[in-house]
Each structure stands twice: as C-alpha cells, then as structure tokens.
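Reader: I have a model open and want to learn how to read it. Can you take me through the features one at a time?

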Amino acid sequence: LLCLFLTVSHAASRRCVFTGAVPGLVGCLQAVEAQKVILRRSGLAAGAELLCGKMLVLSAFSSLFRVVGLGPRDPSCAVCGQSPSVTSLVPFSQYIAPRCYVPLPLPEGADVSVSDFALIRQQTSQPAYVLVDVRPTHEFSIAALPEAVNLPLGSLPCSLLTLQRLREVVGDSEGTSDPRALPVYVICRRGVASATAVQALLKDGWEAVFNVRGGLLEWGRCVDPSFPVY
C-alpha cells in the first residue's frame, strides 16, 4: 500500500491493531482473487469480477467490508510510477513519519455520547447550541448533520484562524456579545479530530465545549441508520 500511503504516522500505526484471525481472513480473500484470475484466464469464470483498480477495506471490529475505487496510476508514484524508487521489500518503519499529534484525554464532562446529543437535538426546536464539523470540506459535502457548520481542522493542533472563525459563527447564530457562553458541540468522522479541536478551544478559554464521542460513524450506527456512512 505504499503507493497509497507513502507516509504513515506513528499514531496511525499504533491504532492499527491486527489479531491472528484478521491476516488469515485477508489471506483467504487474496487467495480467492488469485483463483478468479486463474479461472478467468482459463475461460472457466469469464464473468468473475476482479478487484483490479479497487481496494477492499475490512473493519473486523465492526464486521464491515467496503470497496473503494482507485484513481488512475500516478506517474510519479515511488512504487508503481514511471521511475520507481521502491523496487524491493523494505522495513515498514522506514516509511513511518517521525512526528505526529496524538490528542490527550479530554477532561471529565467534555464529551457526550451520540445518544445524549440526539436527545439534546430533540429537546430544542431552535438549536440553542452550535454544532461544528471539523472534517475537510470534501468529506463534509458527502454527508453532514443539517445544522452543522463546517470549520475544517486542517492541521493539528487547531489553528487560531479556525478558532476565530468559530467565534464569529457562534456569535452570529445567537446574537450574543459573548459567544463563549453558548454550548458548542464538535463532531468529525470518528471523534478524534473533534477531540483535538475541543482541547484547543478549552485551552483558549472556551467553556461549554463538548466533543461528540465516536463521531458520525457512531451516529450512523446508534442513532440514525439511514445516515450515509463512508
């Protein structure tokens, strides 16, 4: 996968937990693909659909399979480009980025479950809070909660520009001179980037700032199964 993820952070590598059954399952899937290639070439399975140009993503934790289409080959790719620099097996540690940002645990009471946030939304016909979605703009365009305001985190930790934009959004939504007095809920895809944003806001002096734990993936699983999950 080096042609897709040439640089991998220490945090990402630590979050990738593999049990003995998972590599075995992936190996079985790879064997099936190899069999399909052989059968297609022999004319015994002309209708078999291969995963060429696609990536099969497996989350054993949630028992979900997803197939992601891959774009055209990058001519400058270090692995499969026109002049590849990676032509043999190399230690994975060589491609792990030396530095990364890992969010620290939030203070007690600084996060809410998706179920609790759903109750908060039901109890107010006119939102008396601001929901900030810190995902990148292209992810926000895929699916989002209707009242969410997209302020991409962009980089870690949260930039001062993002904080200033958040102040303006909160103030305009309620017409208050002190936007820090209003509840602010922060959400992302999995709850990691939003936790980082909440830490930055708390450090900047904000009060009543809460991370929506588990993010939109948890929202789709526990609150609204019809919510698009990607």
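Author: We will go from the whole chain to the sheet, then to a hairpin, salt bridges and cysteines.

Reader: Where do I start?

Author: Start with where the coordinates come from. This is a predicted model. Then take stock of the chain. Its secondary structure comes to 7 helices and 9 strands.

Reader: What share of the 230 residues counts as buried?

Author: The buried share is 31%. Look at contacts too. Among contacts with a separation of 6 or more, 61% join residues 24 or more positions apart.

Reader: How do I read a sheet?

Author: Write down the strand order, then the direction of pairing, then the edges. Here an open sheet of 5 strands runs E5-E9-E8-E6-E7, with parallel pairing. Its edge strands are E5 (111-112) and E7 (148-150), and each pairs on one side only.

Reader: How many bridges hold each neighbouring pair?

Author: Walk across from the E5 side. E5 and E9 pair in the parallel sense over 2 bridges. Val-112 stands opposite Val-212 in E9. Next, 3 bridges join E8 to E9. There, Val-186 faces Asn-211 in E9.

Reader: And how does the chain get from E8 to E9?

Author: It crosses from E8 through H6 to E9, and this β-α-β crossover is right-handed. Helix H6 (residues 192-203) lies across strands E8 (184-187) and E9 (209-212). H6 runs at about 170° to E9.

Reader: What about the other end of the sheet?

Author: E6 and E8 run parallel, joined by 4 bridges. Val-130 stands opposite Val-184 in E8. Then strand E6 (residues 130-133) pairs with E7 over 3 bridges, again in the parallel sense. Asp-133 has Asn-150 in E7 as its bridge partner. Remember Asp-133; we will meet it again.

Reader: How do I judge the two faces of a strand?

Author: In a regular strand, side chains alternate between the two faces of the sheet. Sort the residues by face, then check burial. In E8, Val-184 and Val-186 lie on one side, with Tyr-185 and Ile-187 on the other. All four are buried, so both faces of E8 are covered.

Reader: Which way do the residues of E9 point, and are they buried or exposed?

Author: Val-209 and Asn-211 point one way, Phe-210 and Val-212 the other way. All are buried. Note that Asn-211 is the residue opposite Val-186.

Reader: Now a hairpin. What should I look for?

Author: Look at the pairing sense, then the turn. Strand E2 (residues 54-59) and strand E3 (residues 64-69) pair in the antiparallel sense over 6 bridges. One facing pair is Met-55 and Val-68 in E3. The hairpin has 4 residues between the strands. Ser-63 takes a positive phi near 60°.

Reader: How do I go about salt bridges?

Author: Count them, then ask where each one sits and how exposed its residues are. The count here comes to 6 salt bridges. Take Glu-33 and Lys-36 as an example. Their closest N and O atoms are 2.6 Å apart. Both lie in helix H2 (residues 21-41), 3 residues apart, about one turn of the helix.

Reader: Why does Glu-33 count as buried?

Author: Its relative accessibility is 19%. Buried means under 20%, so Glu-33 qualifies.

Reader: Which salt bridge can I compare with that one?

Author: Try Glu-218 and Arg-221, which meet at 3.1 Å, N to O. They are 3 residues apart in helix H7 (residues 215-222), about one helical turn. Glu-218 is partly exposed at 25% relative accessibility. Arg-221 is also partly exposed, at 47%.

Reader: And Asp-133, from the sheet?

Author: Asp-133 meets Arg-135 in a salt bridge, 2.7 Å from N to O. Both residues are buried. Asp-133 also has its bridge partner Asn-150 in E7, so keep the two senses of "bridge" apart: strand pairing rests on DSSP bridges, while a salt bridge joins side chains.

Reader: Last one. How many disulfides are there?

Author: The count comes to 0 disulfides. You can still read the cysteines by their surroundings. Cys-52 is exposed, with a relative accessible area of 61%. Cys-188 is buried, at 4%.

How values were computed: Residues numbered from 1 in each chain as written. Predicted model: local features only at pLDDT ≥ 70, side-chain atom pairs only at ≥ 80, totals over all residues. Heavy atoms only, no water. Contact = heavy atoms within 4.5 Å. Axes fitted to C-alpha atoms, helices over the stretch in contact; angles between N-to-C directions. Disulfide = S-S within 2.5 Å. Buried < 20%, exposed > 50% of the residue type's maximum accessible area, 1.4 Å probe, protein only. Salt bridge = Lys/Arg side-chain N within 4 Å of Asp/Glu carboxyl O. Right-handed = clockwise from strand over helix to strand, strands pointing away.
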